[in-house]
Amino acid sequence: MNNNKIANPFVVGKYVSEEYFCDRTDETAFLKKQVDNGRNTAIIAPRRLGKTGLIQHFFAQPDIEKHYHTVFIDIYPTNSLTEFVYLLGKTIYKELKPLRTQWAERFFTTIKSLRPGFKLDAATGEPVFDIGLGSIEQPQTTIDEIFAYLEAADKPCIVAIDEFQQITNYPEKNVEALLRTKIQQCKQTLFIFSGSRRHLMSQMFNSPSKPFYQSVITTDLKPLDKGVYTDFAKKHFADYGKTISEELIKEAYDDYEGVTWYIQMIMNELFALTEKGDDCVAESYPVAIRNVIQTQESSYKDTLSNISAKQKPVLFAIAKEGEATNLTSANFMKDNGLSSSSSVQSALKGLLEKDIITRTENGYRVYDYFFAEWLKWNY
């Protein structure tokens with residue numbers, strides 16, 4: 001057993017090490033195969049299913065660490081090509097600066113358009129990345145320089161771009177075509193694109209009219225196997241002198257449909273509620289759910305405050321149903337006090353655009369399972 005154990009083995013929101021990462025053996029091997037064969041990859045899955053963890057786990061593999069430079073950026077918060085370029089440049093510099101290699105030192109000499117924005121640290125005399133968005137006057141020039149820098153690296157680079165579908169919202173024209181051209185020109189830099197908006201990602205890579213058509217190997221990330229996760233959770237409880245039943249783990253898995261982040265949050269709290277030497281009892285399960293949701297309550301209130309009065313009744317109705325179908329039917333509208341099918345359609349469009357709800361095979365549900373539960377409690 002590892003003597004440097006972390007306090008709670010059910011890690012949420014970050015990658016610690018292989019010991020605290022559940023499975024994804026086949027998916028990791030799949031990424032390795034694509035990299036070994038010089039192929040770019042796209043991973044499509046709903047948010048919080050584990051795309052980021054998988055990529056970080058892949059990057060942590062000894063063979064990858066030894067033979068590649070790796071860069072990961074999440075562009076979900078970006079709203080323009082300028083912001084994309086800024087985040088990419090800043091992340092590359094942050095990742096490479098500690099390496100102290102000759103290539104890392106060439107960052108500002110290669111990416112000349114950013115050079116006026118950096119400053120020297122008064123204490124160490126070393127360059128410090130002090131670039132603001134305003135420092136990027138010509139994003140296309142800067143991205144040319146960044147790609148040239150990656151291509152000149154002392155070993156191949158792998159760049160992972162999370163929530164890649166965000167580039168379709170940028171106001172600049174032909175961003176997809178621009179990036180496709182730059183990426184196509186790369187000889188020793190590979191890319192992993194991941195995204196949660198299935199229809200947008202599929203359209204980007206599978207539509208003949210799109211620049212990225214058939215430019216990657218695409219894979220859908222599925223939930224972890226229930227049995228594998230059950231063994232994983234039981235083992236970590238046992239390693240810390242605690243026990244938990246398979247039934248309780250499987251209940252959490254089923255309630256959150258195998259979506260990793262939510263299950264891990266519940267397991268994290270159940271672990272915290274169980275003393276060493278004790279068994280995690282079924283009565284702790286609703287307590288864990290309430291505790292976790294209460295920690296998110298302020299953000300849920302903020303989210304709700306930004307939803308229009310016409311959208312709220314539709315949101316409440318979907319949350320109450322869990323998975324809502326036939327939202328414009330007379331019975332559904334009557335049962336939920338909704339006025340007209342046109343107002344329901346308008347509300348659905350707005351809620352989808354804000355990522356508050358998501359489409360399912362049969363209808364709609366609230367994207368965040370915990371938010372849905374909080375809405376049912378309060379409305």
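In this structure, D355 and R47 form a salt bridge in which the closest N and O atoms are 3.2 Å apart, a salt bridge being a side-chain nitrogen of Lys or Arg within 4 Å of a carboxyl oxygen of Asp or Glu. D355 lies in the loop between helix 17 and strand 10 and R47 in the loop between strand 1 (41-44) and helix 2 (51-59), so the contact ties together parts that are 308 residues apart in sequence. This is a predicted model, in which local features need pLDDT of at least 70 and side-chain atom pairs count only at pLDDT 80 or more, while totals for chains, interfaces and linings use all residues. Residues are numbered from 1 along each chain as its sequence is written, and side-chain values use heavy atoms, with hydrogens and water left out. Helices (H or I, at least four residues) and strands (E, at least two) are DSSP runs numbered from the N terminus.

**Salt bridges**

- The structure holds 14 salt bridges, and the general background is that side chains of opposite charge can pair when their charged atoms come close.
- In the pair of D355 and R47, D355 counts as buried at 9% relative accessibility, whereas R47 counts as partly exposed at 24%; buried means under 20% relative accessible area, exposed over 50%, and partly exposed in between (1.4 Å probe, protein chains only).
- R48 and D368 also meet through their side chains in a salt bridge, at 3.2 Å from N to O.
- Because R48 lies in the loop between strand 1 and helix 2 and D368 in the loop between strand 11 (364-366) and helix 18 (369-378), this pair ties together parts that are 320 residues apart in sequence.
- R48 is partly exposed, with a relative accessible area of 34%, while D368 counts as buried at 16%.
- A salt bridge joins R198 to D220, with the closest N and O atoms 3.0 Å apart, and this pair links distant parts of the chain, namely helix 9 (residues 198-206), which holds R198, and strand 7 (residues 217-220), which holds D220, the two residues being 22 residues apart.
- Both partners are partly exposed, R198 at 39% relative accessibility and D220 with a relative accessible area of 34%.
- K32, D36 and D63 are linked in a network of salt bridges; of these, D36 is placed in helix 1 and counts as partly exposed at 46% relative accessibility.

**Backbone angles**

- As general background, most residues other than glycine have a negative phi.
- D355, which is not a glycine, has a positive phi of about 60 degrees, and its place is in the loop between helix 17 (341-353) and strand 10 (357-359).
- N174 likewise has a positive phi, near 60 degrees, in a residue other than glycine; N174 lies in the loop between strand 5 (157-162) and helix 8 (175-184) and is exposed, with a relative accessible area of 61%.

**Cysteines**

- The count comes to zero disulfides, a disulfide being a pair of cysteine sulfur atoms within 2.5 Å.
- C22 is in no disulfide, and the nearest cysteine sulfur, that of C280, is 17 Å away; C280 is likewise in no disulfide, with the sulfur of C22 as its nearest cysteine sulfur.
- C22 is buried, with a relative accessible area of 8%, and C280 is buried as well, with a relative accessible area of 3%.

**Surface charge**

- D23, D26, D225 and D231 form a negative surface patch; patches are made of residues with over 30% relative accessible area and no salt bridge, like charges being joined within 9 Å and nonpolar side chains (Val, Leu, Ile, Met, Phe, Trp, Tyr) within 5 Å.
- For charges, Lys and Arg count as positive and Asp and Glu as negative, with His and the chain ends not counted.
- Within this patch, D23 lies in the segment before helix 1 (25-36) and is partly exposed, with a relative accessible area of 33%.

**Distances across the model**

- The C-alpha atoms of D36 and S305, which are 269 residues apart along the chain, are separated by 48 Å.
- T41 is found in strand 1 and is buried, with a relative accessible area of 1%; its C-alpha atom is separated by 18 Å from that of P208, the two residues being 167 residues apart along the chain.

Key:
Areas by Shrake-Rupley, 256 points an atom, 1.4 Å probe, with all protein chains shown as cover. Charge placed at Lys NZ, Arg CZ, Asp CG, Glu CD.
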